[in-house]
Amino acid sequence: MQIEKQIIDEYNHQLAGKHQRNFEHLAADIADIDNVLKKLMAFNVAIPSWALGTGGTRFGRFSGGGEPRSLEEKIADVGVINALNRSSNSISLHIPWDIPDNAASIKSLASELGLHFDAVNSNTFQDQPDQKHSYKFGSLHHVDKEVRKQAIQHNIEVIKYGVQLNSKALSVWLADGSNFPGQLNFRGAFQNTLESLEEIYNELPDDWKIWIEYKPFEPNFYSTTIGDWGQSYLLSSKLGSKAATLVDLGHHLPNTNIEQIVSLLLMEGKLAGFHFNDSKYGDDDLTVGSISPYQLFLIFNELVEGMDARGMTHATDIGWMIDASHNVKDPIEDLLQSVQAIKIAYAQALIIDKQALVNAQQNNDVAIAQEILQQAYRTDVRPLVAEASKRSGGSIDPISLFRKINVREQLIKERGLKTVATGL
Ligand code: AOS
Ligand code: ZN
Ligand code: ZN
């Protein structure tokens, strides 16, 4: 289904009075409001194809209704999200879950909806029915060269699909690791991974990047071969300038200072981008900003400061992507909430009084430094985000419009109550 612009405008009109009051009140205190709005309007976050259906746990999966049954329907769902918020103009595909049988028609469907294709993701964490060798004991790090070759080949194939769709990056997450002490030779596993990645790297087109994701545990629980940013950084440095580290927010042990990691990777030109989500314990993939919104803001503070220091363009010089799994919420609502949370954190980071913060840091004025950050964080910037959405042709309040016009009910009518999207 598609959401007509007229419906969005009508609803914006209904909300206009209150919104205008709130926006003007906020705008009066923001220096350079036009520039802040311009940046917010340019900012887009890619939607992962695997998050449009209901996720599950190892104990079970409780499907929602009207889930997309095909790649075309996944693209249609991203079209809905983007029509509502005007901040989600791309989709990230996972192969083989999303093999485009006809790349030309998939591409034209996406562009009709104003969408393009973000990074393509390989999958060597599951065995496919027609596959010769199993990934039970890993893929790119495997002790058997034949298994490694198969996994390398798969990644090269993913690049080929991505080229057809005009993607510009391959995102690699490995489940490779070990469950028990003694199971693996760590150096051997790392070397094998490096050699395998080198073969994949050599197949990258000139204008492509490879993004290397790290994760401390799960599905392996003793060691992960690319377990933290140091290991990912080591690999991406050895590989070369087309390789960089992908930070998935859920892939950190409790209380890790993620913003410091981000700052240093950025300084080294090795921050590929993000998989945004949130986590409370070791649970990967909760809605962005649902648990630690202050941490998200602190990450954006480092991003804005670090990108400005390198003269980078916020909207396009880093890969912005959600990686989430929605077990109990409507996936589209959850994704709308996630993008909203990201834009709020970004807006708050944009309004930090940067010069005052630099002065406080130079004078070791710790109390004032904290005041400056929290002044921005405690500002309710939602009217700013809403105004940016409205000016881009989106809704002032995407989730309430999604409910008001019964999008899910319509999707259930079109697709049925018991549909299951490919993915996890
Ligand atoms: C897994 O935990 C990772 O976050 C990956 O990015 C993975 O590829 C994605 O979640 C789809 O399975
Ligand atoms: Zn991820
Ligand atoms: Zn993850």
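1. In this predicted model, Gly-240 follows directly after helix α7 and adopts a positive phi of about 130°. A comparable feature is found at the end of helix α8, where Gly-269, placed just after the helix, has a positive phi of about 70°. The two helices are taken up in turn below.

2. Helix α7 spans residues 229–239. Its buried residues are Trp-229, Ser-232, Tyr-233, Leu-235 and Ser-236. These lie on the same side of α7, because the arc they cover around the axis is only 165°. On the face turned away from that buried side are the exposed residues Gly-230 and Lys-238.

3. The cover over the buried residues of α7 includes two helices, α6 (186–201) and α8, together with the strands β6 (209–213) and β8. Helix α8 thus also belongs to the surroundings of α7, and α7 in turn is one of the elements against which the buried residues of α8 pack.

4. Helix α8 (residues 258–267) has Ile-261, Val-262, Leu-265 and Leu-266 as buried residues. Since their arc around the axis is only 125°, they fall on the same side of α8. Besides α7, the elements packed against these residues are the strands β8 (243–248) and β9 (271–276) and the helix α9 (293–309).

5. The pairing of α8 with α9 can be described in further detail. Their axes approach within 9 Å and cross at roughly 15°. An angle under 35 degrees counts as roughly parallel, and α8 is therefore roughly parallel to α9. The crossing of α8 past α9 is right-handed.

6. On the α8 side, this contact is formed by Ile-258, Glu-259, Val-262, Ser-263, Leu-266 and Met-267. On the α9 side, the partners are Gln-295, Leu-298, Ile-299, Glu-302, Leu-303, Gly-306 and Met-307. By class, the contact of α8 with α9 consists of eight nonpolar, three polar and two charged residues. Val-262 and Leu-266, which take part in this contact, are also among the buried residues of α8.

7. A second helix pair joins elements that are distant in numbering: α1 (residues 5–27) and α13 (residues 382–391). Their axes come within 9 Å, with a crossing angle of roughly 130°. That angle makes α1 oblique to α13. The handedness of the crossing of α1 past α13 is left-handed.

8. Helix α1 contributes Asn-12, His-19, Asn-22, Phe-23 and Leu-26 to this contact, and helix α13 contributes Pro-383, Leu-384, Ala-386, Glu-387 and Lys-390. Divided by class, the contact of α1 with α13 holds five nonpolar, three polar and two charged residues.

9. A further pair of residues is far apart in sequence. Lys-38 and Ser-392 are separated by 354 residues along the chain, while their C-alpha atoms are 9.8 Å apart in space. Lys-38 belongs to helix α2 (residues 33–42). Lys-38 counts as partly exposed, because 14 other C-beta atoms lie within 10 Å.

10. Several backbone features deserve individual inspection. Most residues other than glycine have a negative phi, and most peptide bonds are trans. The peptide bond from Ile-95 to Pro-96 is cis, with omega near 15°. Pro-96 sits in the loop between β2 (90–94) and α4 (103–112).

11. Another cis peptide bond runs from Glu-218 to Pro-219, with omega near 5°. Pro-219 is placed in the loop between β6 and β7 (223–224). Glu-218, in the loop between β6 and β7, has a positive phi of about 80° although it is not a glycine. With 14 other C-beta atoms within 10 Å, Glu-218 is therefore partly exposed.

12. Arg-86 is also a residue other than glycine with a positive phi, its value being near 50°. Arg-86 is located in the loop between α3 (71–85) and β2. Is Arg-86 buried or exposed? Arg-86 counts as buried, because there are 22 C-beta neighbours inside 10 Å.

How values were computed
Residues are numbered from 1 along each chain as its sequence is written. Chains are lettered from A and ligands numbered from 1 in the order in which they are written. This is a predicted model: local features need pLDDT of at least 70, side-chain atom pairs count only at pLDDT 80 or more; totals for chains, interfaces and linings use all residues. Axes are lines fitted to C-alpha atoms, for helices over the stretch in contact, and angles run from 0 to 180 degrees between N-to-C directions. Helices (H or I, at least four residues) and strands (E, at least two) are DSSP runs, numbered from the N terminus. Angles under 35 degrees count as roughly parallel, over 145 as roughly antiparallel, 65 to 115 as roughly perpendicular and the rest as oblique. A crossing is left-handed if the near helix is turned anticlockwise from the far one by less than a right angle, and right-handed if clockwise. Two residues are in contact if their C-beta atoms, placed from the backbone, lie within 7 Å. Ala, Val, Leu, Ile, Met, Phe, Trp, Tyr, Cys and Pro count as nonpolar, Asp, Glu, Lys and Arg as charged, and the others, Gly among them, as polar. A residue is buried if 20 or more other C-beta atoms lie within 10 Å of its own, exposed if 12 or fewer, and partly exposed in between; C-beta atoms are placed from the backbone. The arc is that of the directions from the helix axis to the C-beta atoms.
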